[in-house]
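I opened this model to record its confidence, its strand pairings and the surroundings of one proline. The entries below follow the order in which I looked things up.

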Amino acid sequence: MSSRFLCLALVTLSIAVAAQSAPTQSPVSPDLQSLISAQFGREFELVKNFPVLTGDFNGDGVEDAAFVATTHGGFQPDSGQFRVFDPSSSYFGLGDPKITSQFASKYPGGPRYLLIIHGSGADGWKAKNPKERFVLINLAFDHVSVGRVRRKKKTIDDIGLEETGILNSFLFWNGRRYEWQPGASEL
């Protein structure tokens with residue numbers, strides 16, 4: 001009886017371990033990749049194992065979106081298509097993207113960028129001509145999520161960043177740019 005129980009426990013444990021170790025990756029739809037290419041440029045490629053985050057990040061009542069992407073060969077931080085911010089380096093006093101965009105990436109697949117579209121009109125972030133586009137650089141994370149932050153008596157959506165076992169932080173729109181805040185998810 002005990003050998004059957006032990007065998008059953010080992011089989012159950014091995015199935016659970018196998019299920020946990022297999023990463024779940026949602027395929028990137030060609031439509032979504034073509035939207036990113038149209039809004040940010042062909043050099044950006046969506047990273048498959050991150051979700052598309054939607055919310056009202058700038059507090060204007062229109063749905064915005066954030067995407068995790070990488071590039072092959074880099075990008076030009078002074079593009080006319082989007083604005084580039086380095087919120088975490090700015091927090092520590094050096095936020096000039098012309099300098100910090102040259103920092104080496106710690107990720108084996110290349111640098112990760114957070115692409116944000118502030119939507120406009122009824123189509124929100126899917127509009128052909130969105131309100132604004134941003135590329136956020138030098139952020140450390142392995143998980144992203146949407147949260148809520150209270151700012152000037154108004155609650156807006158923020159973007160939570162988690163670097164497993166190291167640091168939780170979040171990004172919020174201050175009215176002019178995205179700011180990075182380490183630690184708790186409320187100001």
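Before reading any strand partners, I fixed the criterion: two strands pair if DSSP finds at least two bridges between them. I also note that the model is predicted.

Entry 1, confidence. I looked up the mean pLDDT of the protein chain and found 79, with 78% of its residues reaching 70 or more. Among the elements of the chain, helix α1 (residues 2-21) has the lowest mean pLDDT, at 39. Strand β2 (residues 53-55) has the highest, at 96. I then checked where the values stay under 50 and recorded residues 3-27. For that stretch the model has 4 contacts beyond four places in sequence.

Entry 2, pairings of β6. I took strand β6 (residues 132-136) and asked which sense its pairing with strand β4 (residues 83-85) has, parallel or antiparallel. The pairing is parallel and runs over 3 bridges. Within these two strands, I found Val84 opposite Val135 of β6. I next turned to strand β5 (residues 113-118), which pairs with β6 in the antiparallel sense over 5 bridges. Here Ile117 stands opposite Arg133 of β6. As a reminder to myself, strands of a sheet pair through backbone hydrogen bonds, in either a parallel or an antiparallel sense.

Entry 3, the open sheet. I traced an open sheet of 4 strands in the order β7-β8-β9-β10, with antiparallel pairing. Strands β7 (143-151) and β10 (178-182) stand at the edges with a single partner strand each, so one side of each is left without a neighbour in the sheet. From one strand to the next, I read an average twist of 30 degrees. Inside this order, strand β8 (residues 154-163) and strand β9 (residues 167-173) pair in the antiparallel sense over 5 bridges. I noted one bridge by residue: Gly160 has Phe170 in β9 as its partner.

Entry 4, Pro87. I located Pro87 in helix α3, which covers residues 87-91. Is Pro87 buried or exposed? Its relative accessibility is 3%, and because buried means under 20%, I entered Pro87 as buried. I then listed its contacts, leaving out residues up to four places away in sequence: Leu136, Ile137, Leu139, Leu171, Tyr178, Glu179 and Trp180. For one of these, Leu171, I also looked up the C-alpha separation from Pro87 and found 7.9 Å. Pro87 and Leu171 are 84 residues apart along the chain.

How values were computed. Residues numbered from 1 in each chain as written. Predicted model: local features only at pLDDT ≥ 70, side-chain atom pairs only at ≥ 80, totals over all residues. Heavy atoms only, no water. Buried < 20%, exposed > 50% of the residue type's maximum accessible area, 1.4 Å probe, protein only. Contact = heavy atoms within 4.5 Å. pLDDT = per-residue confidence, 0-100. Axes fitted to C-alpha atoms, helices over the stretch in contact; angles between N-to-C directions.
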